[in-house]
Amino acid sequence: MESNRRKLLKALGATGLGLSGLVKAAEAIAASPKEADPQPSRPFPGEFYWGTATAAFQVEGAVNEDGRGKSIWDIFSHTPGKIKNNWNADVAVDMYHRYREDVGLMKALGTNAYRFSISWPRIFPEGKGSPNQKGIDFYKRLVDTLLENGIQPFATLYHWDLPQALQAREKGWQSRSIAEHFAAYAGYVASQLGDRVKHFFTLNEMFTFVEWGHGTGLLAPGLKLSRKDLNQVRHHVVLAHGLAMQAIKAAAPGVKAGPAENMVNAVPAIATPEHIKAAQEATRQLNAGYLTVMLEGQYTNEFLEKEGKDAPRFTEAEMKAIGTPVDFAGINVYMPNHYVMASDAKPGYELLPFTKVHPKMASSWHYVGPEALYWGPRHMKEIWGVKEIYITENGCGAADEQDKEGRICDTDRVMFLRNYLLNMQQAIEEGIPVKGYFHWSLMDNFEWVSGYATRFGLYYVDYKTLQRIPKLSADFYREVIKAGRVL
Ligand code: NOJ
């Protein structure tokens, strides 16, 4: 300030500005940013869950230990040609044995929450029947270690690893019975862990595992069902969610539960009221078989009309279960799924195609659009009135090459993260109830069909030694958490 004043007086002397000029110049200086403010971004709320996320099949390994049954992903990943380089997740990043070290990694980041998934076939090797005590004991050890380190556990009950026995004997999600088995499993886990886990997510990314696992066949179990059968799978999955909500609450009354869905996120191309309205309508329609039916308790007329004779068959009691009120909604937000404009033609919105040079991260599907992390939560609040929102996943695959010193300077991921987080901050500041953020992922891991080729971690994993090495983005995330604002 002192030097500014001197500069000003000198300039005034030279130009002969006079008193009004002096006042104006002084006002301009007062309005300009303070010289010594290196942190101009706005703060996050003091009370906030900053976390990381992983999923059992992608990190645990130890596939034959302690009585674990097989899952559809064991079978699929051992089928030649399904996974890049025919990799499998038999060892993955061996978190089953290294979880203490990995909780240390979370602590080093300064996180206070961790989202992990429970492997159904570890708990019920056959999918149902008698539980496997050793399986549940593993998660008790993990949760206790988290709590000892001040990290709140957020458990996902289904992150795609259906017990193979249910697939082989009961046709997996094609059967209504799977919804009942899932609810029984969810209730059992809640009864065992509900004294220490206060937040449960029912199913992760229903949209992805249904559409890609049962429609295109790209993911496990690799089916290409007819439209009619696919609709029935969708229905069984949302029914499983609803029944599980009830089972969890009955088994552990104090806990909260909700889904973790990758909503189809329609973002207004230009944020004017008419395009915003169009984007909301698009979001509602494009999630018809998942979030919309779960949060509204009925299929939209548009969905039922569009599917016609292939529409799901359902009873009223099922619809009531599907619409069981959620305590919160988790959304996985990676990108704007569509940019949208209002249209005079039906259905009142137009989905714009991505251009050929739209920026992407390492995964072929991953278009960049930081504003997705503003609109996703805002849609949840404005379309469905959700009162508690978690960003259950956000992150990106990046090049992640080690330099000569062994460092991973992932400035691309830092750029991604900075811009997405700024958008989340804006949403929170506007009163959108985002209560926590889970970065996908804590460390590199088995990225489904891409195997170990695409890395999403804040920690780099050397797959030869399984050593974990913090990337630049780990430093960035730690500093953001510490400062409570984007840096
Ligand atoms: C969504 C899935 O839930 C997770 O398993 C996956 O690794 C990430 N997206 C990145 O593709």
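Let's start at W173, which touches W120, Y158, L162, I178, F182, L203, F209, H214, V233, H236, V237 and A240, leaving out residues up to four places away in sequence. Keep in mind as you explore that this is a predicted model. W173 belongs to the largest nonpolar core, a set of 129 residues, and together with F200 and M424 it touches the most other members. Apart from this core lies another one, of 14 residues, including F328, Y367, Y390 and W440.

W120, one of the residues touched by W173, also leads us to a glycine. Beyond its neighbours within four places in sequence, G127 is in contact with W120, P163, L166 and H181. You can find G127 in the loop between α6 (120–123) and α7 (133–148). Is G127 buried or exposed? With a relative accessible area of 1%, G127 is buried, because the cut-off for that word is under 20%. G127 and A165 are 38 residues apart in sequence, yet their C-alpha atoms are 6.5 Å apart in space.

Now let's turn to the ligand. Around it you will find Q58, H159, N204, E205, N332, Y334, W365, E393, W440, E447, W448 and F456. W440 in this shell is also a member of the 14-residue core. By class, the shell has 5 nonpolar, 4 polar and 3 charged residues.

Which side chains place a polar atom 2.8 Å from a ligand oxygen? Q58 does so with an N or O atom of its side chain, and E393 with a polar side-chain atom. For N204, the distance from a polar side-chain atom to a ligand oxygen is 2.9 Å. Taken alone, the ligand exposes 300 Å², and the protein buries 96% of that.

Definitions and conventions
Residues are numbered from 1 along each chain as its sequence is written. This is a predicted model: local features need pLDDT of at least 70, side-chain atom pairs count only at pLDDT 80 or more; totals for chains, interfaces and linings use all residues. Side-chain values use heavy atoms; hydrogens and water are left out. Helices (H or I, at least four residues) and strands (E, at least two) are DSSP runs, numbered from the N terminus. Buried means under 20% relative accessible area, exposed over 50%, partly exposed in between (1.4 Å probe, protein chains only). Contact means heavy atoms within 4.5 Å. A nonpolar core is a set of buried Ala, Val, Leu, Ile, Met, Phe, Trp, Tyr and Cys residues joined through side-chain atoms within 4.5 Å. A residue is near a molecule or strand if one of its heavy atoms lies within 4 Å of it. A polar contact is a pair of N or O atoms within 3.5 Å; within protein, one must be able to donate a hydrogen and the other to accept it, and residues adjacent in sequence count only if both atoms are side-chain atoms. Accessible areas come from the Shrake-Rupley method with a 1.4 Å probe; for residues, only the protein chains shown count as cover. Ala, Val, Leu, Ile, Met, Phe, Trp, Tyr, Cys and Pro count as nonpolar, Asp, Glu, Lys and Arg as charged, and the others, Gly among them, as polar.
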